[in-house]
Amino acid sequence: MASHKITLSGQAITFECDEGDTLLRAALRAGLAFPYECNSGGCGSCKFELLSGQVDNIWPEAPGLSDRDIKKGRKLSCQCVPTDNCDLKLRLNPKFTPKHTPAKSTAKLYAIRQITEDMTEFCFHAEHEARFEPGQFALLDIPEVEGSRAYSMSNVPNGDKQWHFIIKKMPAGKGSGRLFAEYKLGDTVTLDGPYGTSFLQPDVPRDIVCVAGGSGLSPEMAILKAAVVEPRLADQAIYLFYGGRTVQDICPPALIEADENLAARVQNYNVVSGADAAKASSWSGEVGFVHELLSKKLTKPLAEYEYYVCGPQPMTDALLRLLIVEHQVPLEQINYDRFY
């Protein structure tokens, strides 16, 4: 396979980028600490300047670049495929050094587990081992769907090459739409991973608070499953706060009760945001937004917990305002990846 030599200007660092690979994925495969979060064009964390060489920009309209970035000639390494040897201007950050080398392989669907009407766990068997940190994600290339889709793993690392994903069917989602409508056992995707910088920190002694909405439940389930059996976290309290629009969206109780380790350790609180939907279903639980539950249910000051957050952007924004602005929770205690 042909490749291109990529140089980081002024840093005496080079790496090879295989034909068709993005600059970001190739850099992470080389073990380099390229800054990034979403790996899908939304967050803007992987910006760089192209000093020489040529690249194909696979998504010129990616929201991760502002008008000012575009005027200054900045590009996103997650959306650029080199067509020549390139010289880049970019500052590495040790925080982003990959713990596991991302690998790409064919993955075959071996189980489909419906969780709610619009949320299903798709279970794939890949060619490479499932080495990842609980909370990370993989990129799936689905035939006849343009562009990769980022989905978080819902299971824990294993040597059986099993990669599970809880995926929510989105009304206009081409990737999830194809999976839900057309995929059957034996069908395949190209799986590339792991990626992501938000994952379980087993050495942190603080109590754990997971906050999720929608398919943000997927990485939280992986974090919970790993946390409840981690000896270093044996004395920590573990919480899951989950929000859904309707009563039918509230699935965590059944998932937790099905696993004796989760049932023994996880304190789960659920809330329905749609007041009319809650009333129509005779919902007797909490009504409102998930971030509003934290102050009501947690017994210690909010700054004394370690947070793992995944869900719709409005939920994440509201939660960050609550934690950082209102309760002065240090940013390093809030673990989340930005997806748009």
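Q: What makes the contacts in this predicted model count as distant in sequence, and what share do they hold?
A: The model is predicted. Among contacts in the chain with a separation of 6 or more, 69% join residues 24 or more positions apart.

Q: How do you know that the radius of gyration of the chain agrees with a compact globule?
A: The globule rule is 2.2 Å times the number of residues to the power 0.38. For 340 residues a compact globule would have a value near 20 Å, and the chain has 20 Å, so the two agree. Along its principal axes the C-alpha trace spans about 60 × 45 × 40 Å.

Q: What share of the residues of the chain count as buried, and what surface does the chain expose?
A: Buried means under 20% relative accessible area, and 50% of the 340 residues count as buried. The chain exposes about 15800 Å², with 48% of this area supplied by carbon and sulfur atoms.

Q: How many side chains are positive and how many negative, and how far apart are the centres of the two sets?
A: There are 35 positive and 43 negative side chains, and the centres of the two sets lie 3 Å apart.

Q: How many helices and strands does the chain have?
A: The chain has nine helices and 19 strands.

Q: How do you know what span to expect for helix α9?
A: The expected span is 1.5 Å times one less than the number of residues. Helix α9 (residues 313-326) has 14 residues, for which 20 Å is expected, and its first and last C-alpha atoms are 19 Å apart, close to that value.

Q: Which residues of α9 are buried, and what covers them?
A: The buried residues are Met315, Thr316, Ala318, Leu319, Leu320, Leu322 and Leu323. Their cover includes β14 (207-213), α8 (293-297), β18 (305-310) and β19 (334-335).

Q: Why is leucine 322 called buried or exposed?
A: The cut-off for buried is under 20% relative accessible area. Leucine 322 has 7%, so leucine 322 is buried. This residue is found in helix α9. Not counting residues up to four places away in sequence, leucine 322 touches His291, Leu302 and His327. Serine 105 is 217 residues from leucine 322 in sequence, and their C-alpha atoms are 41 Å apart in space.

Q: What makes glutamine 328, the residue with positive phi that follows α9, stand out in its backbone?
A: Glutamine 328 is not a glycine, yet its phi is positive, about 50 degrees. Glutamine 328 is in the loop between α9 and β19.

Q: Why is glutamine 328 called buried or exposed?
A: Exposed means over 50% relative accessible area. Glutamine 328 has 54% relative accessibility and therefore counts as exposed.

Q: Why is alanine 12 called buried or exposed?
A: The cut-off for exposed is over 50%. Alanine 12 has 81% relative accessibility, so alanine 12 counts as exposed. Its place is the loop between β1 (3-8) and β2 (13-18). Phi of alanine 12 is positive, near 55 degrees, in a residue other than glycine.

Q: Why is glutamate 16 called partly exposed?
A: Partly exposed lies between the limits of under 20% for buried and over 50% for exposed. Glutamate 16 has a relative accessible area of 45%, so glutamate 16 is partly exposed. This residue is in strand β2.

Q: Which residues does glutamate 16 contact, leaving aside its neighbours within four places in sequence?
A: Glutamate 16 is in contact with Ser3, His4, Lys5 and Ala26. The C-alpha atoms of glutamate 16 and lysine 5 are separated by 4.8 Å, with the two residues 11 apart along the chain.

Q: What makes helix α4 count as mostly covered?
A: In helix α4 (residues 217-227), 10 of the 11 residues are buried. Among them are Leu217, Pro219, Met221, Ile223 and Leu224.

Q: Why is serine 176 called buried or exposed?
A: Buried means under 20%. Serine 176 has 3% relative accessibility, so serine 176 counts as buried. This residue is in helix α3. Leaving aside its neighbours within four places in sequence, serine 176 is in contact with Tyr151, Ile167, Lys168, Lys169 and Met170.

Q: Which strands do the buried residues of α3 pack against?
A: These residues pack against β9 (119-126), β11 (149-152) and β12 (162-168). The buried residues of helix α3 (residues 174-182) are Gly175, Ser176, Gly177, Arg178 and Leu179.

Q: Is the peptide bond from glycine 193 to proline 194 cis or trans?
A: The bond is cis, with omega near 10 degrees. Proline 194 is in strand β13 (residues 188-195).

Notes:
Residues numbered from 1 in each chain as written. Predicted model: local features only at pLDDT ≥ 70, side-chain atom pairs only at ≥ 80, totals over all residues. Heavy atoms only, no water. Helix = DSSP H or I, 4+ residues; strand = E, 2+ residues; numbered from the N terminus. Buried < 20%, exposed > 50% of the residue type's maximum accessible area, 1.4 Å probe, protein only. Contact = heavy atoms within 4.5 Å. Areas by Shrake-Rupley, 256 points an atom, 1.4 Å probe, with all protein chains shown as cover. Lys, Arg positive; Asp, Glu negative; His and termini not counted. Charge placed at Lys NZ, Arg CZ, Asp CG, Glu CD.
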